[in-house]
Protein chains: 4
Amino acid sequence: MGTQKLCVGIAGLGRMGKRHAINFHELTSRANVVAASTPDNNEREWAAENLQGVQIFDDYDEMLEKADLEAVVVASVTAVHAEQALKAIKKGLHVLCEKPLSIDVEVAQSVVSAYEESLKIYPQQKVMCAFSRRFDASYREAHERVEKGEFGSAVFFRSQTADLHDSSGFFVEYAKTSGGIFVDCSIHDIDLMLWFLGENRTIKSLQAVGVCAVHPGLEASNDRDNAIATVEFEGGKIAALYCSRMMAAGQEDTSEIICEKGSVRVNMQVRKNHVEFHDSQGARRELPQHYYERFREAFITEAYEFTACCLDNTPPPISLQSSVKAVCIGQALQRSVISGEKIYFDGRAIKN
Amino acid sequence: MGTQKLCVGIAGLGRMGKRHAINFHELTSRANVVAASTPDNNEREWAAENLQGVQIFDDYDEMLEKADLEAVVVASVTAVHAEQALKAIKKGLHVLCEKPLSIDVEVAQSVVSAYEESLKIYPQQKVMCAFSRRFDASYREAHERVEKGEFGSAVFFRSQTADLHDSSGFFVEYAKTSGGIFVDCSIHDIDLMLWFLGENRTIKSLQAVGVCAVHPGLEASNDRDNAIATVEFEGGKIAALYCSRMMAAGQEDTSEIICEKGSVRVNMQVRKNHVEFHDSQGARRELPQHYYERFREAFITEAYEFTACCLDNTPPPISLQSSVKAVCIGQALQRSVISGEKIYFDGRAIKN
Amino acid sequence: MGTQKLCVGIAGLGRMGKRHAINFHELTSRANVVAASTPDNNEREWAAENLQGVQIFDDYDEMLEKADLEAVVVASVTAVHAEQALKAIKKGLHVLCEKPLSIDVEVAQSVVSAYEESLKIYPQQKVMCAFSRRFDASYREAHERVEKGEFGSAVFFRSQTADLHDSSGFFVEYAKTSGGIFVDCSIHDIDLMLWFLGENRTIKSLQAVGVCAVHPGLEASNDRDNAIATVEFEGGKIAALYCSRMMAAGQEDTSEIICEKGSVRVNMQVRKNHVEFHDSQGARRELPQHYYERFREAFITEAYEFTACCLDNTPPPISLQSSVKAVCIGQALQRSVISGEKIYFDGRAIKN
Amino acid sequence: MGTQKLCVGIAGLGRMGKRHAINFHELTSRANVVAASTPDNNEREWAAENLQGVQIFDDYDEMLEKADLEAVVVASVTAVHAEQALKAIKKGLHVLCEKPLSIDVEVAQSVVSAYEESLKIYPQQKVMCAFSRRFDASYREAHERVEKGEFGSAVFFRSQTADLHDSSGFFVEYAKTSGGIFVDCSIHDIDLMLWFLGENRTIKSLQAVGVCAVHPGLEASNDRDNAIATVEFEGGKIAALYCSRMMAAGQEDTSEIICEKGSVRVNMQVRKNHVEFHDSQGARRELPQHYYERFREAFITEAYEFTACCLDNTPPPISLQSSVKAVCIGQALQRSVISGEKIYFDGRAIKN
């Protein structure tokens, strides 16, 4: 392992951008955050206080031009993920791009194409979509044990992303640009589904049904606040997904992989920590209140491993093509939940 | 409460028949088992030893004719459930019929019609299908708390019936007459779904996908060993079902009712008893190995409450019509899992 | 198995007496409750309504004299346990006596002596103290697995009986005659300790400390509402006990047997049933509110097995001598918790 | 918060020293590890590879003399903890000293005295003993909730430190200098006991019993491999401790604080991560295999907070005097477990 540190720029300092900045800046010993960009005044003020020694830009392009970067973390709003990623790719920079690459499959695919072209010039370049759950110690152990064949072949994958209820109207506003609950929320479960059942496995059919139970305003954006989907793969594998914006107790992101000779459950007894209270209400544990509370460690590992693959020229932990496939499936499910139609692929479309 | 005891006849002394016989004979203080019938020699021998003072018949019709019965428990093979129930109904006897009434909706509906006719003559007659899970203390508490509105309106119902893997070939043989995994296995989940989401609620659509993962022989009977379904109801409610014949650890029958302000989970930490082992494998609890190991108490309660409704002339705990609706849904799911088609109801068909 | 039923009389129809009466009367197919006695008017009224066909006496001696009994269940107040047991023993009746035999070791021992004498005349007579937890399916499985040596030799036994807080003053009143928290409450844990570590194992030392945290009135009766004890056995085995009258969530009776190669935990995730609630408080399960709610099944099994040992002339499931030893240990702990002294046995006293 | 970083030297690079070095070097953004010392060649080689830019010494005194230090982390063998801490204190350096300060109470107290003297010269100096469990998020939440009085006054504190069985003979060798299981292993539980029940609370009595169940060789060092203790405090509070070197499944460090109106349980469902396996053995989770696997995060927090108190001149998170009290209690328990005597304090000795 060399002594060189990876020079990183952070694009966007919103909720996730701040976290990436801190993680790369303070907790990733092999990386140096040298620059950050955001059009937002408050975010730049935050950076001035919290990212000492880091050059702050109000413009992404200017950062790319002036800062001495080897890698960029794209943590801006979803709408510019692809555009910013493409610009960095063209400059030969390593890119860690927040999920989803885009809510549009073609745009997402264009990032892959650009990366493939770029690799001819910069063969050591790494571009990766930030599917944080793949870096969670529990999901990793589950995947490793299933891959080893400890429980036989995987047959049924069940997963959910279920957010704490937010009565502020945030989700309704957010739905206008999020691409829909299957693209925004279930994208993690879709990514895990591909990881556990096979990224190259052909999909035969999928369908979804959903409702607006607590956020009727979502209808206007063709979105739902609770939805369930089934996906049927070639080779005798099936999956069921649930997504929700209505949880009362906290973030409940759970997965189950049922194999021929056993099953593996991740997060099914979701808990904030190791404390249990016994009082007049019974025995009680608390839950994480949001995604980051549960998966903070995974983000730190992600920062560490992305840095390592750049510095050591090893393959990125997640294939970029599979991230496009995840968007493609998310979009198809979103179409299905709105149209009510089951979608058959006949070996076309969502294949590789 | 009177001192009179209900005189009961048991039809069929197979696995379930034996259990019903013992439960009514020994553990239901207000009932007397006075007769039992079975065409099987071994079963009659068992009865001679275990059902003291009970008249044993090799023919159901003869039992109906000669024994002094007030009620019949139909626990024969599924194929004769409806026929035996109909005969008892016509004689004005109370009937507790094992599920399903029939694997054919029309036949099942004919039992309801016969009962409705018979009520004109025997207004105190009780006929009920034995959906044992409704008598389980945990399911009951869940239902009561949801009904009270403690967690707001129910939005999503998820449930599964998952049997221990049996490598003997039993399931393949059994599938020839079982009506399929959704009629045989998921019928409990369907019944619970109706109980929790509303027995009169109209279904908009349903669909299922499934595989033969460990019992390829099921293909020949148009059956599957793992399958998942989604059901969409009018009024903003959705459901997901999973059924399996492949569990490694034991019987895993779990349900989850996700409401607007909270959720209720039944059996999600399924366990045989209150013991946990810590050894070199980690911390471990064992699971019930079959349905009866988990639900024995529910069957005893069922016997007790069926007896009580007969003696006290109170309404049966489960409406017979809803049991037909369960068969109807099970059949539709079975059609869908085979054809691959999503089925839309447009307000027709599965309504009442 | 013969067809004969055991003719049982119930002495005392208080809280526990009623339960024994119902269990023997309605749920024990091989027993007939033919008589019951209680000096209490209300209890006799209850019996008239609930124990049909049973002869009711207001005097125990009269019941012994006039009723046609084979066995007696002594469920009266603790003060008369021994006296009533002795009378029944002298008549050659089988006796199931509620715990403790007596709060006085000599009195308790006198019952054993009387039984030993009586056996010379009635060699098939059964006398047993009702330690219900030994009949609980979970404790039994734990014991069986430990006995089999599955986890190596048992080293440390930890157990507690912890009652729901009762603000009515009941415990203070009750303490005047209960013999103290170690004789009344921990007696179950002491019995289990002997069962798991060896009924004949010599005790080297024991000591206890305790407090009156929520029931200061207990001081006057030389009692405590929370206390902890350690017991040291010959042969390298130790035990720790906790007893409490102050639990907020419910009855928390737990045990742990730590062996050389593993440990067995009983009831450590104590729960009322299989339901879990998720709401704004987190994820929550409820606890049994009292001893009987958790151990009802064990009492039914106890009734069944006591009946069986009487009818089939098999050894009683629990040795009467060990029940005296339990009282002896309980008394010593109660002395220690009050005096503050550690008690050493030097191979004397608590031996057999 | 200033931009200045704390210059830290690490004394000792054994198992714990390596961890402290990495945590301060890579994961504590406000600290710089500038030097490390160890007499061990292999450890210095490890440092050369893993602590880039850090000056490595083979002699502690030399490090103190030559390196430009503001703080020292003492992670050497227990025997030199006090000596090394004293030297650093005299130089006015901040000190984070691994537990225990010493296995001898007088020596431990001499560190406190030296620190008190030194404060007159260096009023901003911080000296703290590294009781890592106080930095664990779960223990912290438990403490905060109890301190707030959410469950009323604490009455009973129960805690254990139980190590995975090690058949290599390590514990026997280690016992020769460890001070005994109560000083080495239970010292954490004792520290937590003081934290939860009151650091200034007077102890009335304590006693312990123990056995050599799997490591008979411990007898020779007057040590035990399983032991239980009770401690009685003034003011109506009691505690029970268990320590073990014999766990089959992993590290089982659990605590329970039972208060008047509720209880808080930490780690009682000890688990390595969020994964559960269901297979033919039942439902199973794995346990952490050693202390650091469970408490790594706490060590990182400890490094962060020790650094912060030095840089920001805030009080150290743990009082040094309480760490001496912990040693004092540990020693008394060790005496008791060997002598078999209960120790009474009559308001003397273990008071402050």
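**Exercise 1.** In this predicted model, decide whether N267(A) is buried or exposed, and then describe its backbone and its place in the chain.

*Solution.* Begin with the relative accessible area of N267(A), which is 1%. A residue counts as buried when this value is under 20%, so N267(A) is buried with its 1%. Next, turn to the backbone, where phi of N267(A) is near 75°, a positive value in a residue other than glycine. Finally, locate the residue along the chain: N267(A) sits in the loop that runs between β12 (262–266) and β13 (275–279) of chain A.

**Exercise 2.** Carry out the corresponding steps for N313(D), and state which accessibility class this residue belongs to.

*Solution.* The relative accessible area of N313(D) is 34%. Partly exposed covers the range between the 20% limit for buried and the 50% limit for exposed, and N313(D) is therefore partly exposed. Its phi is positive, at about 50°, although N313(D) is not a glycine. The residue belongs to the loop between α10 (291–312) and α11 (320–339) of chain D.

**Exercise 3.** Find which residues a cis peptide bond joins in chain A and in chain B, and say where the proline of each pair lies.

*Solution.* In chain A, the cis bond links K99(A) to P100(A), with omega about -10°. The proline, P100(A), is found in the loop between β5 (94–98) and α5 (105–121) of that chain. In chain B, the peptide bond from K99(B) to P100(B) is cis, with omega near -10°, and P100(B) lies in the loop between β5 (94–98) and α5 (105–121) of chain B.

**Exercise 4.** Describe the interface of chain A and chain B, starting from how many residues are in contact and ending with the make-up of the side that chain A contributes.

*Solution.* First, count the residues: 39 of chain A are in contact with 39 of chain B. Second, consider the area buried between these chains, which is about 3,100 Å², with carbon and sulfur atoms giving 61% of it. In chain A, the residues that lose the most area to chain B are I228(A), I238(A) and K342(A), together 16% of what that side buries.

Third, look at the polar features, where the rule finds 2 salt bridges across the interface and 11 residue pairs in polar contact. One of the salt bridges pairs E252(B) with R265(A), whose closest N and O atoms are 3.9 Å apart.

Fourth, ask which element gives the most to the side of chain A that touches chain B; this is β10(A), with 7 residues. By class, that side has 20 nonpolar, 10 polar and 9 charged residues.

Note on methods:
Residues numbered from 1 in each chain as written. Chains lettered and ligands numbered in written order. Predicted model: local features only at pLDDT ≥ 70, side-chain atom pairs only at ≥ 80, totals over all residues. Heavy atoms only, no water. Helix = DSSP H or I, 4+ residues; strand = E, 2+ residues; numbered from the N terminus. Buried < 20%, exposed > 50% of the residue type's maximum accessible area, 1.4 Å probe, protein only. Contact = heavy atoms within 4.5 Å. Buried area = accessible area lost by both parts, 1.4 Å probe. Salt bridge = Lys/Arg side-chain N within 4 Å of Asp/Glu carboxyl O. Polar contact = N/O pair within 3.5 Å; in protein donor to acceptor, adjacent residues only side chain to side chain. Nonpolar A, V, L, I, M, F, W, Y, C, P; charged D, E, K, R; others polar.
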